[in-house]
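Subject: Structure handover

Hello,

Here is the structure I said I would pass on. Please look it over first; my notes follow below it.

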Amino acid sequence: MEQRRRQTWRERTKWAAYMMVFVTFWSGASGQFRYSIFEEVNEGTAVGNIARDLGLDKTTLKQRGYRTVYGSTEPPFQVNQDDGILYVNRKIDREDVCDRSKICLIDLKTVLENPLEVHYVTVEILDVNDHAPRFPENEKMLEIYESALPGTRFQLQAARDADSGSLSVQQYSLGHNEHFRLEVKDRGEDRKTPSLILQKPLDRESIKTHVLLLTAIDGGKPPRSGNMTIIVDVSDVNDNPPVFTQDSYTVQLKENSPLGTTVIQVNATDLDEGSNGEVVYSFGNDVDAQARARFDLNPKTGEITVAGIIDFEESGRYEIDIQASDKGAPTLTTDKTVIINIVDLNDNAPEIEITSFSHALPEDSKPGTTVALITVKDSDSGLNGKVMCYINQDLPFMLTPSLQNNMYSLVTKLLLDREQQSEYDVTIVAKDAGEPSLSSDKTIKIVVSDVNDNRPEFSQSPYTFYITENNNPGASILSVTARDHDQGSNALISYLILRNMGGEHLFTSFLNVNSENGDISALKSFDFETLKTFHFQVVATDSGTPSLSSNVTVNVFILDQNDNAPVILYPVSSNGSAEGVEEIPRNVNAGHLVTKVRAYDADIGYNGWLLFSLQQVTDHSLFGLDRYTGQIRTLRSFTETDEAEHKLVILVKDNGNVSLSATATVIVKLVEPKEAFAASDVKSAEKDDEGGDVTFYLMITLGSVSVLFLISIIVLIAMQCSKTTDYTSKYLQDTNYDGTLCHSIQYRSGDKRYMLVGPRMSIGSTIVPGSHANTLVLPDRRRASGEVRSL
């Protein structure tokens, strides 16, 4: 029968777990949800569909990291990211979680990220009648004097039921007996204390022992029960029971009182004499094991002392039954209840629980972004349990109070910059309002993740490089470097050359850049003589999303190398070789310029600085060569014994580190003076032919300028002369005429000066007969005689 009853109860419990789960919403800004579920349901039982109740899209739950947060222990519930349903994560025993509390609530939080959402969920654990009442003893012995009067009370130990509320012990029943009846005292908090009341005098001669059955019954459906057998032994007379001196005992005791501290002393007296009047004290039958572990009772003095740790948070009130008994035969007893109220002390520091919502905080997070949820609690009561939470550091974070008590949000108050600081150690301090105040702290590490907010920066701007010409094609000639203050892929830089499609910098097509390290190589050799400098732009781009880039101008200067040998300009023969023949008269003096070797070098600087030297000469005493100008001059006059033809080989070399050179050959022939003049005329003609083109253009230019100038003079003179018809006679008739020249040109020939003038003449001028009217002979003031020179 009992097995069938248990099976029926299990089936009902299982049915209730699946069919009677219900949810209640707490409206308002708090957004808190409350569900109810029975204890002992199987793992995986659905509690409620949170996603549906919140109106969330189930397809985004996994992406947003939907999860439950429940302190540091394994949460009793877990949310499924696929369907948004809250499931039981493990079996829950209400008695383990909430002991004998009337209402058993489990608070947890559900968190969604991107964006951050926090919802508070409360699950009420409903009790099921899974415990039967139990008495501390299966059998109780009572000794009662036959002289005991009807109405005498004998307190019994109460039964305990681990269930709470209506499922705890609700009633007691006593087996039928004409001498005793049962009386139950309700002390609240699921505490009902049974007492045995004598209702008919006992007669030891009739019945020495009475056996009673006491049954405790809970309020379950079906109810569960527990039994205790009471054996009453009837003894001879003891007249007077002990009497306590006070009707009630109430005392206050501070928690954490030292062991041995006197709580209170009870006192009872007995009017009998001898051993019948000696009183001993003991705990009543209804005193539980917890109270017995916390307090000691002196059996002789009635003094109650502290025997264990007194913790207000464990129990704020103790109700202890004290029994005073005499030593008579039979023993008479009297019960009295002592109420001990525990005074709370500030002995518990606040506890901090931190729920972090992300592994890293992006550096572009806006002010007000929630980083973590802070929950603080203090087991003390009153002001001792009031907690203030704050950050005692100057950091870009702050705490904002939540709608829930003792709950804060750690949020950003300033913009972050990972490049300045990549992580923060934020210390959260919780301090209560007790006296003295207690505090605790906990540090949370916040890692700032990188965002691509920095462009690559080149080490120089602009770059200037000097490279020598004739570089090896394909070899690296220069390198640019950029760095990005970001990290990871945001700092991975690639390089490219900005190609100008307009054709202005076609040479960039011959450049190539290594995209990884910025090394730039040239696909061809540079020639200083054709290209001396150029510039281009290099772009550095990071790999962020979106990518950022910057560019830099690279100026390249080609350095000259001595790669060009001197070129002989003169002498040059008709076949292109550097050979020439010079004829000079025999009668020339020392220092006569025979010829000048002319050469040039395409290089510059020392590489293009040419020096001339005689490499070969027939007679070193005859000819000398200026090493800087290349002029060949005679060193002495020629004699009859000197040979008529001399060969001079001139070496022309530059001043490069590895000098390059060229040679020219000059044949000097000595001729008689007449032949020399003829040869000179021929040579002059040849030279005239060589420079004829240049001279021709120069003559045309100078002639054109002269003609224009003369035309301007003539026009001006004509304009002035058109104003009168007979200037000469006028000036001759009036020798005192003080006129001015409208225009004049002065020139000198030998020791004479001439002036071309317009129609007006100065006073003192004289016309020379036979000369042009516009030509005057001016007196030469350099001579004191005032002589006038005429043409």
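What percentage of the residues of the protein chain count as buried? Of its 791 residues, 40% do. Please keep in mind that this is a predicted model.

On confidence: the chain has a mean pLDDT of 80, with 82% of residues at 70 or more. Residues 1-31 have pLDDT below 50, and this stretch makes 42 contacts beyond near neighbours in sequence. Residues 724-750 also stay under 50, and there the model has 49 contacts beyond four places in sequence. Where pLDDT is low, the predicted coordinates should not be read in detail.

On the fold: the protein chain contains seven helices and 53 strands. Taking contacts between residues at least 6 apart in sequence, 65% join residues at least 24 apart.

On the interior: the largest nonpolar core is made of 27 residues, and Ile 37, Val 47, Phe 77, Leu 86, Val 123 and Ile 125 have the most contacts inside it. Elements giving two or more residues to this core include β2 (32-38), α2 (50-54) and β8 (117-126). Another core, of 26 residues, lies apart from it; Ile 493, Phe 507, Leu 511 and Phe 528 are among its members.

On the surface: the chain exposes about 43800 Å², of which carbon and sulfur atoms supply 50%. Val 707, Ile 711, Val 715, Leu 716 and Met 719 make a nonpolar patch of about 460 Å². Val 707 sits in helix α6 (residues 692-721). Val 707 counts as partly exposed because its relative accessible area is 47%, between the cut-offs of 20% and 50%.

Regards

Terms used. Residues numbered from 1 in each chain as written. Predicted model: local features only at pLDDT ≥ 70, side-chain atom pairs only at ≥ 80, totals over all residues. Heavy atoms only, no water. Core = buried A, V, L, I, M, F, W, Y, C linked by side-chain atoms within 4.5 Å. Buried < 20%, exposed > 50% of the residue type's maximum accessible area, 1.4 Å probe, protein only. Helix = DSSP H or I, 4+ residues; strand = E, 2+ residues; numbered from the N terminus. pLDDT = per-residue confidence, 0-100. Contact = heavy atoms within 4.5 Å. Patch = residues over 30% accessible without salt bridge, like charges linked within 9 Å, V, L, I, M, F, W, Y side chains within 5 Å. Areas by Shrake-Rupley, 256 points an atom, 1.4 Å probe, with all protein chains shown as cover. Salt bridge = Lys/Arg side-chain N within 4 Å of Asp/Glu carboxyl O.
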